Amino acid sequence: MYDEHYGLTGRPFQLTPDPKFWFETATHRKAMAYLGYGLAQGEGFIVITGDIGAGKTTLVGHLMDTIDHQRLNAIKLVSTAIEADDLLRIVATELQVDPAGLTKAELLTAIERGLHAVARTGKRTLLIVDEAQALPVSALEELRMLSNFQAGGHALLQIVLLGQPEFRDRLHGSERLEQLRQRVIAIHHLDPMEEHEVSEYLAHRLSVVGWTGNPDFADDAFAAFFAGSAGVPRRLNLLAGRVMLYAAIEDLTVIDAAVVQSVQRDLEGDLPMLATDTGKGAATFAPVSGTAESIAKPTPVAEAERTDPAIADRIAALEARVELQDKALRRVLTLLVDWIESDDDKPEYAPIRGVTAWHDAA
């Protein structure tokens, strides 16, 4: 591994979020300011959104490390399309309440008792819900109801919702969420980092694991890193990790733009659907025998055909389906890469036709 080659104490660009690598870009600084303001209010909802890989989970990890646990009882849930009743049972369990056999009315009463029990210890409860865009409206409504619990004129529960950009759109566009929307006291969208922040970001993560300047980075490398990641932290970690591995294999002492661009081309060739956004939602794809380019840029339909309303509607429907499938595949591939790059134990594979068995520890 490149960490051993360069004498590092760990992998600085692993995809698994780790609060010790926290780096405060301008957008993360704003997010922490909004979180600080919201927590000072002690009530309502705080909403943080961001694209996949923008650093929402890392932000929460940093928040958990910095809050006063003598005053806050923090509960973190990762939503996976949890239905309303199941959500209530999870919250109850986190409050040390056994939800088994309880009706919904009894469950709500038990949760309120649990919140009061926490309040009697001098703490208030903070519920952090990740992947909020996956929650059905009914579950969001239950969260709103929980936020109404009070004692002595003070809210017993405050809620932080983290989600992808579509959650923000849904929150603003749904009439059924009007009451929840009125309880949002702070909201922020995590943008990608700026180009000038890339060099400091890379240097910070390397320094955490004992980097002493080997390998060094040429000035033009940072622009290539930004171009190859669009400033999205997870993409930058993926690219930087592969660059470091390539540098170790080639025994390089200096990484320049040519090295970064070469690795970026290899990444796009291996996983074309993970090609880098060049702007807000616009992607470039490295052609693989012409296939990726043809998928990303469909052949234009003749103007005469587009004038036929029926054909135009059919084309629009097909394009919408392709877009949905494209987004789904991107997410699956991103999760697959996360799993491969993570520190989680991997299954062992037996030798096949003379191929040496692979072990995660190797």
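**Exercise 1. Decide whether Phe-217 counts as buried or exposed, then describe its ring partner.**

*Step 1.* Start with the accessibility: Phe-217 has 12% relative accessibility, so Phe-217 counts as buried. The cut-off used here is that buried means under 20% relative accessible area. Keep in mind as you work that this is a predicted model.

*Step 2.* Now look at aromatic pairs, of which the count comes to four. One of them joins Phe-217 to Phe-225, with 6.3 Å centre to centre and 55° between the planes, a tilted arrangement.

*Step 3.* Check the partner in the way you checked Phe-217. Phe-225 counts as buried because its relative accessibility is 1%.

*Step 4.* Finally, widen the view: ring pairs link Phe-217 and Phe-225 with Trp-211 and Phe-222 into a cluster.

**Exercise 2. Find where Phe-149 sits and which residues surround it.**

*Step 1.* Locate Phe-149 in the loop that runs between helix H6 (137–146) and strand S4 (150–151).

*Step 2.* Is this loop residue, Phe-149, buried or exposed? Its relative accessible area is 14%, so Phe-149 is buried.

*Step 3.* List its contacts, setting aside neighbours within four places in sequence. Phe-149 touches Leu-108, Ile-111, Glu-112 and Leu-115, and also His-154, Ala-155, Leu-156 and Leu-157.

*Step 4.* Take one of these contacts, Leu-108. Leu-108 and Phe-149 are 41 residues apart along the chain, and their C-alpha atoms are separated by 10.0 Å.

**Exercise 3. Work out what the charged side chain of Lys-56 meets.**

*Step 1.* Place the residue: Lys-56 belongs to helix H3, which covers residues 56–66.

*Step 2.* Look for a partner of opposite charge. The nearest such side chain is Glu-131, 5.6 Å away. A salt bridge needs the two charged groups within 4 Å, and Lys-56, though buried, has no salt bridge.

*Step 3.* Search the backbone instead. The Lys-56 side chain reaches the backbone oxygen of Asp-51 at 3.1 Å.

*Step 4.* Complete the surroundings, again leaving out neighbours within four places in sequence. Lys-56 is in contact with Asp-51 as well as Ile-48, Thr-49, Gly-50, Leu-162, Gly-163, Gln-164 and Leu-190.

**Exercise 4. Describe the chain as a whole.**

*Step 1.* Begin with secondary structure, which comes to 15 helices and nine strands.

*Step 2.* What percentage of the 362 residues is buried? The share is 42%.

*Step 3.* Turn to the surface: the chain exposes about 19200 Å², and carbon and sulfur atoms supply 53% of that area.

*Step 4.* End with contacts between residues at least 6 apart in sequence; 70% of these join residues at least 24 apart.

Terms used: Residues numbered from 1 in each chain as written. Predicted model: local features only at pLDDT ≥ 70, side-chain atom pairs only at ≥ 80, totals over all residues. Heavy atoms only, no water. Helix = DSSP H or I, 4+ residues; strand = E, 2+ residues; numbered from the N terminus. Buried < 20%, exposed > 50% of the residue type's maximum accessible area, 1.4 Å probe, protein only. Lys, Arg positive; Asp, Glu negative; His and termini not counted. Polar contact = N/O pair within 3.5 Å; in protein donor to acceptor, adjacent residues only side chain to side chain. Contact = heavy atoms within 4.5 Å. Areas by Shrake-Rupley, 256 points an atom, 1.4 Å probe, with all protein chains shown as cover. Phe/Tyr/Trp six-rings, centres within 6.5 Å; stacked < 30°, edge-to-face > 60°.
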